[in-house]
Amino acid sequence: MDTDLLIIGGGPAGCAAAVMAASVGMRSVLIESDDALCRALRRIPVVSNVLGATSGPDLAATIEADLARCDLCRVELGRRATLVEGFDDRVEVTVEPVKSVEPVEPVRLGEPVGSVKPVEPTEPGKPVKPVEPVGSAWARGSRLTAPYVVVATGVGPLGPEEAGWLGGVAGRALPPLWEADPAAIDDRTVLVLGADRPLGTVARAHPELRTRFVVAYPPEDAYKTEEIRPDARVELVAVRRLEFGSGPAPVTAEIRTVEGERRTLTADLAFLNLGSAPAPPAGAVVADRSGYCPPGRQHPRVFTAGDLRSARFQRIATAMGSGGEAALGAYYASRGQPTGTGGGPSTEMGGPPPDPAGGG
């Protein structure tokens, strides 16, 4: 086999899985389709719920430096895992080269464009970079094998055409909210389509903005609004249907609220903030009716981690914790012990053997 553990996804969950695996002596190969680790983190200007970090770029730099020191993990950038197959004695992952990888976007909210500095690893001469392929040259459809795999591919952004409550969006330029220039939205009315977490990030990062945020969202997303509800700049409007007007500016939209009221919303600008959908590779990764991939439903040799698991636990800290848990699950499964995470020979929660790394 090519390694002890395959890890698909180079975000916080996948990187945490690699570090945890190395701490218990497991070799891993981490497969990431982008040209850098933790791309999404680099777009988050303020982090308020993670120990030891206050911004996404800083946390991404720390994670990247940790991986650079992780000798047992081999990082493969610019490669996409397209198929995961589970067998009695192994998993096989089909890997395709990514033809072109877009550069990492700098932070748009808070720091000026281009302000993200390159990572300087603690140990000179050990940057995280693509390594030589395992076994053979990277050709289309190359296959890697290992006893276990951690799938941490996370989620991808939803487009307006995927939101059944939105109408009149065809052909409209609706940028995502995280791309908004603070200076361009200051002292203006902004129509925000969806109540996903980037709105809370914008509000925390820029308490000085005099922006009026009119947030239209479907009733099933009501739980996402608690973070922003106390902000006086935010008007929350639960809608059954929103239909855009034809004019480019000002932005107008006809809505039908959950109470059946019909209203017209007017704004200077409109941004998408719809959230994300799971993005697992094809094959053995099992999804539930919501499209997410809970650990307890997977093949015994497949462990899921990070945002891929659940819509309600999409947080950096929980992603990192689940990545470490998944790697430990694979470690205990390799020794015939209960995993407690939904993979391996047993899903019973019990007292696993002591951590060979001595804790931590």
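**A guided reading of the predicted chain**

The secondary structure of this chain amounts to 5 helices and 18 strands. The model is a predicted one. Of the 360 residues in the chain, 47% are buried. Among contacts with a separation of 6 or more, 64% are accounted for by residues 24 or more positions apart.

The parallel sheet offers a starting point. Strands of a sheet pair through backbone hydrogen bonds, in either a parallel or an antiparallel sense. Here, an open sheet of 5 strands follows the order E3-E2-E1-E7-E18, with parallel pairing. Its edges are strand E3 (73-77) and strand E18 (302-304), each of which pairs on one side only. From one strand to the next, the twist averages 20°.

At one end of that order, strand E2 (residues 28-32) pairs with E3 in the parallel sense over 5 bridges. Glu32 has Leu77 as its bridge partner in E3. Strand E2 also holds Leu30. This residue is buried, because its relative accessible area is 0% and the limit for a buried residue is under 20%. Leu30 touches a set of residues beyond its sequence neighbourhood, including Cys73, Arg74, Val75 and Glu76, and also Gly14, Cys15 and Ala18. Another of the residues touched by Leu30 is Ile7; the C-alpha atoms of Leu30 and Ile7 lie 4.6 Å apart, although 23 residues separate them in sequence.

The next element to consider is a pair of helices. Two packed helices are described by the angle and the distance between their axes. For helix H1 (residues 12-23) and helix H5 (residues 316-334), the axes come within 7 Å and cross at roughly 40°. H1 is therefore oblique to H5. The crossing in which H1 passes H5 is right-handed. On the H1 side, the contact is made by Pro12, Ala13, Ala16, Ala17, Met20 and Ala21. On the H5 side, the contributors are Ile316, Ala319, Met320, Ser322, Gly323, Gly324, Ala327 and Leu328. By character, the residues of this contact comprise 11 nonpolar, 3 polar and no charged. The spacing of such positions can be read against helix geometry: an α-helix has 3.6 residues a turn, so residues three or four places apart point the same way.

Antiparallel pairing appears elsewhere in the chain. Strand E5 (residues 91-97) and E6 run antiparallel and are joined by 5 bridges. In this pairing, Val93 has Leu144 of E6 as its bridge partner. Strand E6 (residues 142-146) is largely enclosed by the rest of the structure, because 4 of its 5 residues are buried.

Helix H4 (residues 198-205) is likewise mostly covered, with 6 of its 8 residues buried. These buried residues are Leu199, Gly200, Thr201, Val202, Ala203 and Ala205. Strand E11 (212-217) is included in what covers them.

From E11 the reader may proceed to a loop. Ala232 is placed in the loop between E11 and strand E12 (234-244). With a relative accessible area of 81%, Ala232 is exposed, since the threshold for that class is over 50%. Ala232 and Phe213 are 19 residues apart along the chain, and their C-alpha atoms are separated by 9.4 Å. The two residues Leu30 and Ala232 thus illustrate opposite classes: Leu30 is buried, whereas Ala232 is exposed.

Terms used:
Residues are numbered from 1 along each chain as its sequence is written. This is a predicted model: local features need pLDDT of at least 70, side-chain atom pairs count only at pLDDT 80 or more; totals for chains, interfaces and linings use all residues. Side-chain values use heavy atoms; hydrogens and water are left out. Axes are lines fitted to C-alpha atoms, for helices over the stretch in contact, and angles run from 0 to 180 degrees between N-to-C directions. Helices (H or I, at least four residues) and strands (E, at least two) are DSSP runs, numbered from the N terminus. Angles under 35 degrees count as roughly parallel, over 145 as roughly antiparallel, 65 to 115 as roughly perpendicular and the rest as oblique. A crossing is left-handed if the near helix is turned anticlockwise from the far one by less than a right angle, and right-handed if clockwise. Contact means heavy atoms within 4.5 Å. Ala, Val, Leu, Ile, Met, Phe, Trp, Tyr, Cys and Pro count as nonpolar, Asp, Glu, Lys and Arg as charged, and the others, Gly among them, as polar. Two strands pair if DSSP finds at least two bridges between them. Buried means under 20% relative accessible area, exposed over 50%, partly exposed in between (1.4 Å probe, protein chains only).
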